[in-house]
Amino acid sequence: MAIIREESGFDGKIWSLCRMPFWQSSGSGGSSSSSSQNLHNHHQQQQLNQQQQQQHGERTSSNGGHSINTVSSVARSILPTRRRLRLDPATKLYFPYEPGKQVRSAVRIKNITRSHVAFKFQTTAPKSCFMRPPGGILAPGESTIATVFKFVEHPENNEKPVNQKSKVKFKIMSLKVKAGIDYVPELFDEQKDQVAVEQILRVVFLDVERPSPAMEKLKRQLAEAEAALEARKKPPEDTGPRIVGEGLVIDEWKERRERYLARQQVEGVDSV
């Protein structure tokens, strides 16, 4: 039997003390020991989990560079490429249909970024097509008009493929570059990972005998391209003093004075 005894505590309250029988006390001790064992096992499991997390973190940090590169490459392949150039026309190259002749098309290329951008043409028919210029570097906000030349072959069945897409395609690629460097085609080979395909242009033939907005726009762009080419051919205007020999600067006023004195001497000799 249990023995119950009441005693007064320090706070004046009556506390009841129970002495349990030995068989109940032994059972209580067993449950306490099992609880302690469970707590010990839980603590060990927590330590094991922490060790595994630390080891996983070390492996992640050691392979961090490779993981970042892998993620960045995957992201570049999934995400759409940000355009560096604006093309006009945007998706097509219009050519006048004149079989047996070399015809021309034009496309305006504008840099819409805040950095210098190099561009480059490629075509599926390099033997019958070429571009002028085939590539170049544009400053931020700068634009140029490129002329595309193509030889039109005679059709086999004497049918005009007017307003129909040709199999020939042109690809325009872009590359972000530093200011002040010169354009060379090898830039695109040295930095293949940074090259972006801006657009693939398809060839469309226009009937020269039928007026159309596309034909009128093509004529205006070709005229602008010719004017820009002529402007590039002209030598730069000489606005400063001329340099002759090894750094000798001849001032325009000095030249005039020398010519005046020479003329005065000749007139004096004639008078004598």
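The exchange below works through labels given to parts of this predicted model.

Trainee: What makes the fold count as one with helices and strands, and how many of each are there?
Mentor: The chain has five helices and 13 strands. Each strand is a DSSP run of E, at least two residues long. Strand 3 (85–88) is one of those that supply at least two residues of the largest nonpolar core.

Trainee: Which residues touch the most other members of that core?
Mentor: Leu 85, Phe 95, Ile 109, Phe 121 and Phe 170 do, out of 24 residues. Strand 10 (165–177) and strand 11 (196–206) are among its suppliers.

Trainee: What is Phe 170 in contact with, beyond its neighbours within four places in sequence?
Mentor: The list includes Leu 93, Phe 95, Met 131, Val 148 and Leu 201. Contact requires heavy atoms within 4.5 Å, so each of these has at least one such atom pair with Phe 170.

Trainee: Which residues belong to the other core?
Mentor: Ala 106, Met 215, Leu 218 and Leu 222 are among its seven residues. It lies apart from the largest one.

Trainee: Why is Lys 150 said to have no salt bridge?
Mentor: The nearest side chain of opposite charge, Glu 153, is 7.0 Å away. A salt bridge needs nitrogen and carboxyl oxygen within 4 Å, so this pair does not qualify. Yet Lys 150 is buried.

Trainee: Where is Lys 150, and what does Lys 150 touch?
Mentor: Lys 150 is found in strand 9. Leaving out residues up to four places away in sequence, Lys 150 touches Phe 95, Lys 101, Val 168 and Phe 205, among others.

Trainee: How much of the chain counts as buried?
Mentor: 22% of the 272 residues. Buried means under 20% relative accessible area, so that share of the residues falls below the cut-off.

Methods:
Residues numbered from 1 in each chain as written. Predicted model: local features only at pLDDT ≥ 70, side-chain atom pairs only at ≥ 80, totals over all residues. Heavy atoms only, no water. Core = buried A, V, L, I, M, F, W, Y, C linked by side-chain atoms within 4.5 Å. Buried < 20%, exposed > 50% of the residue type's maximum accessible area, 1.4 Å probe, protein only. Helix = DSSP H or I, 4+ residues; strand = E, 2+ residues; numbered from the N terminus. Lys, Arg positive; Asp, Glu negative; His and termini not counted.
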